Amino acid sequence: QSAYKDVKSTDPTHPVMIRMNGWFFYDFEDNFFREGNPFGNETADIVMVNAYSNVEDYYEDFVATVSSRAISSLLSIDPDTRIIIALGSWKEPPLWYLPTEENITSEINYLKQQDSLIGIGFFKYGARGSEWYLPDPAEGAPEIWSIIKENKPGSI
């Protein structure tokens, strides 16, 4: 809240965005805003919830559970909050796996039906060209890259 107020006092015209870890919304049935995943009034204008569904043991309910819990709990605290759900779209075994075309398409289609979202994001950490960047179509992920390009962030 202190950082939010500082940013807004310097530049009140631009929205402030924070990122939240989707696992908190999946692993717990309530009290999602624990240490490491805080949220409250005057914390952010936009919240991007990272939905790490690209794990080896794919959970079919992950994106639906994370998004429904995130949307309802965030809006119950601040009804003016704008929300983006971002889908994990990279591989780094043994923990992270490139999503299948079927899984990511299903997740996108589910998220497009959520009226409370302002967009869908796709994420991987890091700068362009780093090993932590979105899949490179030349490195074995042309289908996933094509799906991402068709569903650009904010394309709801």
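This report describes a four-stranded sheet, a helix and a loop residue in a predicted model.

## Basis of the model

Because the model is predicted, local features need pLDDT of at least 70 and side-chain atom pairs count only at pLDDT 80 or more, while totals for chains, interfaces and linings use all residues. Residues are numbered from 1 along each chain as its sequence is written, and side-chain values use heavy atoms, with hydrogens and water left out.

## The sheet

Four strands form an open sheet in the order β1-β2-β3-β4, with parallel pairing; strands are DSSP runs of E of at least two residues, helices are runs of H or I of at least four, and both are numbered from the N terminus. Strands pair if DSSP finds at least two bridges between them. Since β1 and β4 stand at the edges with a single partner strand each, one side of each is left without a neighbour in the sheet.

The parallel pairing of β3 with β4 runs over six bridges, and Leu 87 has Phe 122 in β4 as its bridge partner.

## Helix α3

Helix α3 comprises 16 residues (62–77) and should span 22 Å at 1.5 Å a residue, which agrees with its end C-alpha atoms being 22 Å apart; the expected span is 1.5 Å times one less than the number of residues. Among its buried residues are Phe 62, Val 66 and Leu 74, where buried means under 20% relative accessible area, exposed over 50% and partly exposed in between (1.4 Å probe, protein chains only).

## Thr 43

Thr 43, in the loop between α2 and β2, counts as buried because its relative accessibility is 15%.
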